[in-house]
Amino acid sequence: LVIVSLRWGSVGKTAPTKDQTALAQSIADSGADIIAGTGTKAVQPIVWLDGKNADGSAKKVLCAYNLGALLTEDRNKTVYISGVLLQLKLSCSWDSVLTFDQLTYTPTYIWRYKQDSQYQYRVLASDGTPPDAMSSDQQEVMGRALTTVQKALEDSVVTQRTK
């Protein structure tokens, strides 16, 4: 299993650049099984690419162009405080054939709050129940973060995990 994780793309962009797509295809053709991108602070699509095995045979490669933000202090845009945790259930046969059995994600929201006059940050599942201490304004932002992630992944090959 070859997983390639890289920081790439343009900050704040919700779609991959031409350079990202070209590099992703090159990585897929070089034998990667999964590509996990970071760095744009915004969730980008998760797609299948046609790649190649070491023997030249065809295979599917999972490419998550960008998983969004996991932790940041930047509050300028909703996309900057939204992200996904990717859950993959994989199988590998004795003859080294990799199968993607389940592809789901958990949408996340980076909640910032003050405690003892210091800012604290906490990563929450944006489709979950908000903490009791979260204000209604913050709950609204958490809802926007959820919508942002769902929109970014609406045509992707992953589905939102069920609770």
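Ser117 lies in the loop between strands E6 and E7 of this predicted model. The phi angle of Ser117 is near 60°, a positive value in a residue other than glycine. Asp116 belongs to the loop between E6 and E7 too, where E7 covers residues 118–125. For Asp116, phi is near 55°, again positive in a residue other than glycine. As background, most residues other than glycine have a negative phi. Ser117 counts as exposed at 68% relative accessibility, and Asp116 is exposed with a relative accessible area of 69%; the cut-off for that word is over 50%.

The loop is also the turn of a hairpin: E6 and E7 form one with two residues between them.

**The chain as a whole**

With that turn in view, let us step back. The protein chain contains two helices and eight strands. Read from the N terminus, its elements follow the order β-α-β-β-β-β-β-β-α-β. The C-alpha trace spans about 60 × 35 × 25 Å along its principal axes. Of the 163 residues in the chain, 39% are buried.

**Strand E6 and its partners**

Which strands pair with E6? E5 does so in the antiparallel sense over 11 bridges. E7 pairs with E6 in the antiparallel sense as well, over eight bridges. E8 joins E6 in the parallel sense, over two bridges.

Some residue partners are handy for finding your way in the structure:

| Residue | Bridge partner or residue opposite |
|---|---|
| Gly83 | Thr108 in E6 |
| Val84 | Pro107 in E6 |
| Tyr105 | Gln160 in E8 |
| Tyr109 | Leu124 in E7 |

E5 and E6 make a hairpin too, with five residues between the strands. In this hairpin, Ser96 takes a positive phi near 65°.

**The largest pocket**

Ser96 comes up again at the largest pocket, which has a volume of about 350 Å³. The pocket is lined by 17 residues, and those nearest its centre are Asp33, Asn53, Lys59, Ser96 and Leu98. Strands E4 (58–64), E5 (82–92) and E6 are the elements that give two or more residues to the lining. The largest share, three residues, comes from E4. What kinds of residue make up the lining? They divide into nine nonpolar, three polar and five charged.

**Rings and charges**

Now for the aromatic side chains. A pair of aromatic rings is described by the distance of the centres and the angle of the planes. The rule used here requires ring centres within 6.5 Å, and by it the count comes to three aromatic pairs. One of them is formed by Trp48 and Phe100, whose ring centres are 5.0 Å apart and whose planes stand at 75°, so the pair is edge-to-face. That label applies to planes over 60 degrees apart.

Trp48 lies in strand E3 (residues 46–52) and Phe100 in strand E6 (residues 98–115), so their pairing ties together parts that are 52 residues apart in sequence. Are these two residues buried or exposed? Trp48 is partly exposed, at a relative accessible area of 32%. Phe100 is buried, at 16%, because buried means under 20% relative accessible area.

Charged side chains meet rings as well. The charged end of Lys41 sits over the ring of Tyr80, 5.0 Å from its centre. In another case, the charged end of Lys114 sits over the ring of Tyr119, 5.1 Å from its centre.

**Two loop residues to visit**

Val158 is found in the loop between helix H2 (136–152) and strand E8 (159–160). With 4% relative accessibility, Val158 counts as buried. Its C-alpha atom is separated by 20 Å from that of Gly39, and the two residues are 119 residues apart along the chain.

Val11 has its place in the loop between strand E1 (3–7) and helix H1 (18–29). At 47% relative accessibility, Val11 counts as partly exposed. The C-alpha atoms of Val11 and Lys163 are separated by 31 Å, with their positions 152 residues apart along the chain given as the separation in sequence.

Notes. Residues are numbered from 1 along each chain as its sequence is written. This is a predicted model: local features need pLDDT of at least 70, side-chain atom pairs count only at pLDDT 80 or more; totals for chains, interfaces and linings use all residues. Side-chain values use heavy atoms; hydrogens and water are left out. Rings of Phe, Tyr and Trp (its six-membered ring) pair if their centres lie within 6.5 Å; planes under 30 degrees apart count as stacked, over 60 as edge-to-face and the rest as tilted. Helices (H or I, at least four residues) and strands (E, at least two) are DSSP runs, numbered from the N terminus. Buried means under 20% relative accessible area, exposed over 50%, partly exposed in between (1.4 Å probe, protein chains only). A charge sits over a ring if NZ of Lys or CZ of Arg is within 6 Å of the ring centre and within 35 degrees of the ring normal. On a 1 Å grid over the protein atoms alone, a cavity is a set of points where a 1.4 Å probe fits but cannot get out, and a pocket is an open set with protein on both sides within 12 Å along at least five of seven lines; lining residues have an atom within 4 Å of a point. Grid points are joined across faces, edges and corners, and a volume is the space filled by probe spheres set on the points. Ala, Val, Leu, Ile, Met, Phe, Trp, Tyr, Cys and Pro count as nonpolar, Asp, Glu, Lys and Arg as charged, and the others, Gly among them, as polar. Two strands pair if DSSP finds at least two bridges between them.
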